[in-house]
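Visitor: I am new to protein structures and would like a close look at a single part, the sheet. Could you walk me through it and then show me the setting around it?

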Amino acid sequence: MARVFKRLLGVDYAVIESVDLVEERGEEMIIAAVRPVRCRRSRCSRCERRCAGYDGGDGRRRWRTLDLGTVKAYVEADAPRVRCPQHGVVVAAVPWARPGARSTYVFEDTCTWLAAHAAFTVIAALLRVSWRTVAAIVTRVVADLAGKTDQLAGLRRIGIDEIAHRRGHRYLTVVVDHDTGRLVWAGSGRDSATVRKFFDALGAEGSALLTHVSADGAEWIHIAVRERAPQAVLGLDPFHIVAWATKALDEVRRGLWNELRGSGRKDQAATLKGSRWALVKNPEDLNIDQRTTLAGIAKDNKALYRAYLLKEQLRMVFAAKGEEGKQLLAGWLAWAKRSRLPGFVKLARTIEKYRPLIWNTLDHAMSNARVEATNTHLRVLTRRAYGFHSPEAMIAMAMLTRGGLCPELPGRTA
Ligand SMILES: [Zn+2]
């Protein structure tokens, strides 16, 4: 019987003393009284070293574990403190839960696996926990997994990017491995100091191995990269540059829309309002309606169509790459400068400024599809995990879903 409950409750290296069905505050629950097996008793929760006992701590403690059928279940045990020569007086380690956790390994791993795969509302309802608890669990589990592998080993080509969260009030700096597409590092903030923290973690040896670094136009990234990995070729991520052009195109469209509305041409203004996707999507992805919209713009709104062609041509620069890309870029710059579209004239100046970095991108055929995919994923994640207020929880969610730090579902591996 004890053996069955050990399996059901997900507690290894423990002795089951009793299992009871109780009712507390109108809720039925199963409480399993347990204690660690002898060889797992009296160990430091930080280093697992066997230590002298200190005191009884705060007495009995409960850890939530997976429901047994439909009933909530808890593991209950003493939580004595020990005195570790290295870590001082700490609560003794228990074999069924992480230090500081109020739920068992199996509960936390299940919760974290779900956080990577399901909506938070589903997790909260299924496991009967708050979002805050989900955030705390994910943070602890990801930190635990991150401590067991070297995320930064063998990096050669990386992309450094920034992601806004909490509706643009906070930022994360993220580092993606171009070769695997994996998010390898994330830190709170967007400044050179944050990028330097990444290089500190990578170490001088690891930094010296970097061959290529891509980024957006942020000088604070460039400064830290030139300082810590001067041998690496620094390039601009094409998707950021195309995004600048899309922004300039949007400005032209909005300006024209306001103009049409102001002069009472409501019909034309309404048509234009629905045109954004026709202008922003890649031409090969347009549907019939969008193609018609685009043809209409070509006929009636020459300025807007010029802006559209400029955006598309800039995209072609990065599709071409190499010498051909450089020639196209030179042609693009000349065209944009005399386009009489203020947004594009300004963009031409910006691109002129970054020309050496863009040439690096073209020369080294730095493909950034994976950095872009990660960027897109993280943008969606910041909305989905909006309740994750602390940067630590947000970083944990990012590393969980893009960094490969996802636990296995308990009991599934042989
Ligand atoms: Zn210790």
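Guide: Let's start with one pair of residues: Leu68 has Val71, in strand 5, as its bridge partner. Before going on, please note that this is a predicted model, in which local features need pLDDT of at least 70 and side-chain atom pairs count only at pLDDT 80 or more, while totals for chains, interfaces and linings use all residues. Residues are numbered from 1 along each chain as its sequence is written.

Now for the strands themselves. Strands (E, at least two residues) and helices (H or I, at least four) are DSSP runs, numbered from the N terminus. Strand 4 and strand 5 (residues 71-78) run antiparallel and are joined by seven bridges. Two strands count as paired if DSSP finds at least two bridges between them. In general, strands of a sheet pair through backbone hydrogen bonds, either parallel or antiparallel.

Stepping back, we find an open sheet of four strands, in the order 1-2-5-4, with mixed pairing. Strand 1 (14-24) and strand 4 (60-68) are the edge strands, each pairing on one side only. From one strand to the next, the twist averages 25 degrees.

A helix joins the picture here. Helix 1 (residues 2-9) lies across strand 1, strand 2 (27-36), strand 4 and strand 5, and runs at about 70 degrees to strand 1. For such angles, axes are lines fitted to C-alpha atoms, for helices over the stretch in contact, and angles run from 0 to 180 degrees between N-to-C directions. Two residues are in contact if their C-beta atoms, placed from the backbone, lie within 7 Å.

What about the setting? The protein chain has 16 helices and twelve strands. Its domain assignment gives domain 1 (1-103) and domain 2 (239-363), with bounds that come from an automatic or database assignment. Taken over C-alpha atoms, the centres of domain 1 and domain 2 are 62 Å apart. Along the principal axes, the C-alpha atoms of the chain fill a box of roughly 80 × 55 × 35 Å.

Finally, look at contacts along the chain. Of those between residues at least 6 apart in sequence, 59% join residues at least 24 apart. Ala398 offers an example to explore: leaving aside neighbours within four places in sequence, Ala398 is in contact with Val174, Leu183, Ala186, Leu378, Leu381 and Gly403.
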